[in-house]
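Hi everyone, thanks for coming. I'd like to walk you through one structure today, so please have a look at the screen.

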Amino acid sequence: MRAEILRRVGPGTAASDPLPDADAEDRAALKAIGIDLDAVRRAIEENFGPGSLRLPRPPAPQRKGLLRKFYGSSGHVPFSPRNKKVLELSLREALRLKHNFIAPEHIVLGMLREGRGLGVQMLAERGVDLTELGSDMARSLQSQAA
């Protein structure tokens, strides 16, 4: 899927790449001075144990409202206008179904309702019946709520 997305939208620049390699710049800078980032990571994990490089995440501040799960600890997520529309439609789907939460199924329903995004295009091209998918998502949500 990553290859297909990059084929459609292009690699762009490091700032605009929709799926950037978070370590690419660090790896290149260290390589320029003769340091192999992967070798350093392996050595650290051998000496200090697996996962020793993963820092604990600070607890996210408690937020109120239906969309609180979408915000990380920084509180700001730069959504595109289409992303905002899909989230708005996801909320509308949740409200239509009388839910006080937004599940992944609501987001899929929002994507289907918006209808023009890359994900919907790729599903349609692969022969997915979008009407059936929407029905499946609604049924899944009904069974979860019951």
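Before I start, one cut-off that we'll need: a residue counts as buried under 20% relative accessible area, as exposed over 50%, and as partly exposed in between. Please also keep in mind that what you see is a predicted model.

Let's begin with the overall picture. The protein has 7 helices and 0 strands, so reading from the N terminus you get α-α-α-α-α-α-α. There are 146 residues, and 21% of them count as buried. The accessible surface comes to about 10,700 Å², with carbon and sulfur atoms holding 57% of that. As for contacts, if you take those with a separation of 6 or more, 41% are between residues 24 or more positions apart.

Now, which residues make up the largest nonpolar core? There are 8 residues in this core: L97, A103, L109, L112, V120, L133, M137 and L141. Two helices each supply at least two residues of this core, namely helix 5, residues 104-114, and helix 7, residues 130-145. Helix 7 gives the most, with 3 residues.

If you want one core residue to click on, try L109. Setting aside residues up to four places away in sequence, L109 touches E93, L97, G134, M137, A138 and L141. Among these partners, L97, M137 and L141 belong to the core too.

E93, another partner of L109, deserves a stop of its own. Where is E93 placed? E93 sits in helix 4. Is E93 buried or exposed? Its relative accessible area is 7%, so E93 is buried. Beyond its neighbours within four places in sequence, E93 is in contact with H106, L109, G110 and R113.

Moving along the chain, let's look at the loop between helix 4 and helix 5, where K98 lies. K98 is not a glycine, and yet its phi is positive, at about 60°. With 75% relative accessibility, which is over 50%, K98 counts as exposed.

Next, the largest pocket. Its volume is about 360 Å³. The lining has 13 residues, and those nearest the centre are S80, R82, N83, V86 and M111. Which elements give two or more residues to this lining? They are helix 4, residues 81-96, helix 5, and helix 6, residues 118-125. Helix 4 provides the largest share, 4 residues. By residue type, the lining divides into 7 nonpolar, 4 polar and 2 charged residues.

Let me finish with N83, one of the residues nearest the pocket centre. N83 has its place in helix 4. Why does N83 count as partly exposed? Its relative accessibility is 38%, and because partly exposed covers the range between 20% and 50%, that is where N83 falls. Now compare N83 with M111, which is also among the residues nearest the centre of the pocket. N83 and M111 are 28 residues apart along the chain, and their C-alpha atoms are separated by 8.9 Å.

That's my tour. Thanks for listening, and I'm happy to go back to any part of it.

Methods
Residues are numbered from 1 along each chain as its sequence is written. This is a predicted model: local features need pLDDT of at least 70, side-chain atom pairs count only at pLDDT 80 or more; totals for chains, interfaces and linings use all residues. Side-chain values use heavy atoms; hydrogens and water are left out. Buried means under 20% relative accessible area, exposed over 50%, partly exposed in between (1.4 Å probe, protein chains only). Contact means heavy atoms within 4.5 Å. Accessible areas come from the Shrake-Rupley method with a 1.4 Å probe; for residues, only the protein chains shown count as cover. A nonpolar core is a set of buried Ala, Val, Leu, Ile, Met, Phe, Trp, Tyr and Cys residues joined through side-chain atoms within 4.5 Å. On a 1 Å grid over the protein atoms alone, a cavity is a set of points where a 1.4 Å probe fits but cannot get out, and a pocket is an open set with protein on both sides within 12 Å along at least five of seven lines; lining residues have an atom within 4 Å of a point. Grid points are joined across faces, edges and corners, and a volume is the space filled by probe spheres set on the points. Ala, Val, Leu, Ile, Met, Phe, Trp, Tyr, Cys and Pro count as nonpolar, Asp, Glu, Lys and Arg as charged, and the others, Gly among them, as polar.
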